[in-house]
Amino acid sequence: MSGIVNAMSVDVEDYFQVSAFEGAVSREDWNTYESRVVRNTHKLLEVFHASGVRSTFFVLGWVAKRFPSLVSEIAKAGHEVASHGFHHQLAYGLTAHQFRQDVRAAKAVIEDAGGRVVTGYRAPSFSIINSNLWALDVLIDEGYVYDASIFPIHHDRYGIPDAARHPTRIARGARSILEVPGSTVRVGRTNLPVAGGGYFRLLPYGWTKWGIARVNRVDREPVVFYLHPWEIDPQQPRLPSGRLTRIRHYTGLASTLQRLHRLVKDFRFDSIDAMLGLRPGLGRHQAEAHAIARRELLHVVK
């Protein structure tokens with residue numbers, strides 16, 4: 001096991017709120033669907049408690065408003081509570097004004113429920129891309145310290161392939177924000193995703209294990225892993241969708257929880273704010289986290 005402490009993160013949303021189902025599920029009808037996010041998040045909390053892992057939970061504002069006690073439980077268990085926006089809308093599909101309203105509303109309701117200041121944000125489906133980098137200015141305005149929305153890969157729905165692969169401070173005029181990108185391995189001239197979501201479910205576990213170990217060993221950097229509560233729920237109701245969405249969403253649901261148990265045994269994890277040195281009282285991880293924070297501050301992207 002590497003001495004590097006990686007970051008664990010969870011995007012807290014329900015199965016019917018996934019971006020790929022927007023054409024089949026109206027937001028106005030969300031209240032009519034069976035919600036499974038609380039029970040699934042509890043299962044993840046149990047895994048993390050048993051393995052001594054602290055995670056960052058990017059909570060959807062809609063979930064925080066409907067289930068404030070869940071957010072409170074996450075915070076009381078010692079995890080970081082961050083924002084996943086309010087309505088799970090793709091950031092590049094919103095105007096700057098709409099985006100501002102969404103992230104402001106999410107921050108307020110999550111802070112009310114969790115009793116802690118929210119400093120981190122991850123856009124639904126990593127939807128900050130080259131065309132809407134103005135979103136970073138809005139996040140700075142609204143009091144967010146770091147963003148975790150940019151994935152440095154080629155993808156049909158998201159990604160900035162030439163973006164920095166590791167935590168970086170991005171300058172926006174006279175101001176800046178910490179960017180915590182989706183994790184990749186560099187193979188030739190291509191960045192390949194290794195740490196979470198559908199990549200964790202669809203690809204062999206060996207790919208994830210190799211990829212994280214490679215980033216830790218070769219780059220000497222932590223990996224940011226992510227998953228969703230619905231990804232450990234093979235009994236979730238099936239929704240109408242196309243073939244590609246069915247493959248992406250439902251493949252591997254039955255094995256994700258078992259894989260997660262393996263993952264937290266194979267690698268060390270903490271929350272994103274701990275990885276960045278933003279969490280007070282870090283204990284044994286403090287020196288490593290602050291070393292990472294000092295390194296990333298040396299890399300400023302205009």
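## Helix α5 and its cover

Buried here means under 20% relative accessible area. By that cut-off, helix α5, which spans residues 134-141, has A135, L136, V138, L139 and I140 as its buried residues. Keep in mind that this is a predicted model.

What sits over those side chains? The cover on the buried residues of α5 includes α4, along with β4 (120-121), β5 (146-147), β6 (168-172) and β7 (175-179). After the helix comes G143, and its phi is positive, near 90 degrees.

## Three parallel strands

Now to the N-terminal part of the chain. Strand β1 (residues 5-12) runs parallel to β2, and 4 bridges join the two. One pairing to look for is V10, whose bridge partner in β2 is F57. Getting from β1 to β2, the chain passes through helix α1 (residues 37-51), and the resulting β-α-β crossover is right-handed.

On its other pairing, β2 is joined by 4 bridges to strand β3 (residues 80-83), again in parallel. Here F58 stands opposite A82 of β3.

## Which way the side chains point

In a regular strand, side chains alternate between the two faces of the sheet. Strand β2 (residues 56-59) shows this: T56 and F58 point one way, F57 and V59 point the other way, and all are buried.

How about β3, are its faces covered or open? Both are covered, with E80 and A82 buried on one side and V81 and S83 buried on the other. Note that a glutamate, E80, is among these buried residues.

## Helix α3

Helix α3 takes in residues 68-76, and its buried residues are L70, V71, S72, I74 and A75. Which elements do they pack against? The partners are β1, α1, β2, α2 (61-66), β3 and α4 (96-114). So the strands β1, β2 and β3 are all on that list, by the 4.5 Å heavy-atom contact cut-off.

Just past the end of α3, G78 takes a positive phi of about 95 degrees.

## The largest pocket

If you're after an open site to look at, the largest pocket has a volume of about 560 Å³. It is lined by 26 residues, and the closest to its centre are H155, Y158, G198, R201 and R248. Two elements give two or more residues to this lining: α6 (197-202) and α8 (243-250). Of these, α6 supplies the largest share, with 5 residues.

What is the chemical mix of the lining? By class, the largest pocket has 10 nonpolar, 10 polar and 6 charged residues in its lining.

## Closed cavities

How many cavities of 30 Å³ or more does the structure hold? There are 3. The largest cavity has about 50 Å³ of space.

Around the largest cavity you'll find F16, Q17, V18, F21, E22, V25, R27 and W30. By class, that lining comes to 5 nonpolar, 1 polar and 2 charged residues.

Notes
Residues are numbered from 1 along each chain as its sequence is written. This is a predicted model: local features need pLDDT of at least 70, side-chain atom pairs count only at pLDDT 80 or more; totals for chains, interfaces and linings use all residues. Side-chain values use heavy atoms; hydrogens and water are left out. On a 1 Å grid over the protein atoms alone, a cavity is a set of points where a 1.4 Å probe fits but cannot get out, and a pocket is an open set with protein on both sides within 12 Å along at least five of seven lines; lining residues have an atom within 4 Å of a point. Grid points are joined across faces, edges and corners, and a volume is the space filled by probe spheres set on the points. Ala, Val, Leu, Ile, Met, Phe, Trp, Tyr, Cys and Pro count as nonpolar, Asp, Glu, Lys and Arg as charged, and the others, Gly among them, as polar. Buried means under 20% relative accessible area, exposed over 50%, partly exposed in between (1.4 Å probe, protein chains only). Two strands pair if DSSP finds at least two bridges between them. A crossover is right-handed if, with the strands pointing away from the viewer, the path from the first strand over the helix to the second runs clockwise.
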